[in-house]
Amino acid sequence: YVMYGLPLSLTYNTTNSLLDATKGVRLMCSLAPYTGEFSGPFSVLRSRLDAHAFLSLASEERLLLALRGAFGAEAGATAAQVPPSVRFYSGGGGSVRGYAYQSLGPRDADKKALGGNVLTETSAELRWKITPEWGVVAFLDGGTVVDEPLKNPNMDMRWGAGIGVRYYTAIGTVRFDLATPLNPRDDDEPVQFYISI
């Protein structure tokens with residue numbers, strides 16, 4: 001396929017750290033018009049809004065509530081009319097823990113993720129920093145991807161919950177998470193394990 005685009009983004013950030021924020025908010029908005037040739041000519045406008053908030057619940061910022069939400073939508077073409085790299089995906093360590101990577105949303109007969117044109121994600125994470133290097137977390141994630149803009153995304157929301165360990169380094173946090181799906185599909189594994197930085 002051939003695709004041309006002009007991605008634009010805007011960020012508002014009041015957090016106290018890019019790598020290990022303990023207070024403040026971060027908003028990221030992106031807008032990208034694309035045009036090109038896939039199964040036929042297409043033109044689509046892809047937009048996404050990500051929001052993060054960090055609230056300290058105890059002195060010395062050792063107990064923290066981290067909230068995250070994301071919403072994305074495409075206008076001008078259906079998901080099938082645009083290349084897979086332009087579609088939205090959800091599931092996995094960076095979005096909805098408890099589910100396999102990019103497994104949520106529409107799937108084909110072989111249960112392979114197809115992606116969609118509307119994305120909804122939310123997450124709440126309670127973080128307790130035991131020492132300057134180590135911490136533990138408990139979290140609840142939710143999200144979905146749909147390929148019909150007028151469909152109610154809440155009907156397909158998948159939820160996952162779990163616990164994790166954090167190791168704080170000078171170059172970022174190493175995360176070890178164990179999660180389970182709360183409303184699994186027939187083929188979802190009962191437990192997922194994630195390691196990320």
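The questions and answers below concern a predicted model of one protein chain.

Me: How many helices and how many strands does the secondary structure of the protein chain come to?
Reply: Read along the sequence, the predicted chain follows the pattern β-β-β-β-β-β-β-β-β-β. The secondary structure accordingly comes to 0 helices and 10 strands.

Me: What radius of gyration does the protein chain have, and what would a compact globule with 197 residues have?
Reply: Taken along the principal axes, the C-alpha atoms fill a box of roughly 55 × 40 × 30 Å. For a compact globule with 197 residues the expected radius of gyration is near 16 Å, and the chain agrees with this, having a value of 18 Å.

Me: What share of the contacts between residues at least 6 apart in sequence joins residues at least 24 apart?
Reply: Buried residues make up 39% of the 197 residues in the chain. Among the contacts in the protein chain between residues at least 6 apart in sequence, the share that joins residues at least 24 apart is 56%.

Me: Which residues form the largest nonpolar core, and which strands each supply at least two of them?
Reply: In soluble globular proteins, nonpolar side chains tend to be buried together. Here the largest nonpolar core has 7 residues, namely Ala32, Tyr34, Phe42, Val44, Ala77, Val82 and Val86. The strands that each supply at least two residues of this core are S3 (24–37) and S4 (41–56).

Me: Is glutamate 74 buried or exposed, and what is its relative accessible area?
Reply: Glutamate 74 lies in strand S5, which spans residues 63–75. Leaving aside neighbours within four places in sequence, Glu74 is in contact with residues including Val44, Val82 and Val86, and these three also belong to the largest nonpolar core. Because its relative accessible area falls under the 20% cut-off, glutamate 74 counts as buried, with a value of 6%.

Me: Which residues does valine 86 touch, not counting residues up to four places away in sequence?
Reply: Val86 is one of the residues of the largest nonpolar core, as are Tyr34 and Val44. Not counting residues up to four places away in sequence, valine 86 touches Met3, Tyr34, Val44, Arg46 and Glu74.

Me: How far apart in space, C-alpha to C-alpha, are arginine 48 and alanine 70?
Reply: Arginine 48 is found in strand S4 and is partly exposed, with a relative accessible area of 22%. Leaving aside neighbours within four places in sequence, the contacts of Arg48 include Ala70, Phe71 and Gly72. Although arginine 48 and alanine 70 are 22 residues apart in sequence, their C-alpha to C-alpha distance is 7.3 Å.

Note on methods: Residues are numbered from 1 along each chain as its sequence is written. This is a predicted model: local features need pLDDT of at least 70, side-chain atom pairs count only at pLDDT 80 or more; totals for chains, interfaces and linings use all residues. Side-chain values use heavy atoms; hydrogens and water are left out. A nonpolar core is a set of buried Ala, Val, Leu, Ile, Met, Phe, Trp, Tyr and Cys residues joined through side-chain atoms within 4.5 Å. Buried means under 20% relative accessible area, exposed over 50%, partly exposed in between (1.4 Å probe, protein chains only). Helices (H or I, at least four residues) and strands (E, at least two) are DSSP runs, numbered from the N terminus. Contact means heavy atoms within 4.5 Å. The radius of gyration is taken over C-alpha atoms; the globule rule is 2.2 Å times the number of residues to the power 0.38.
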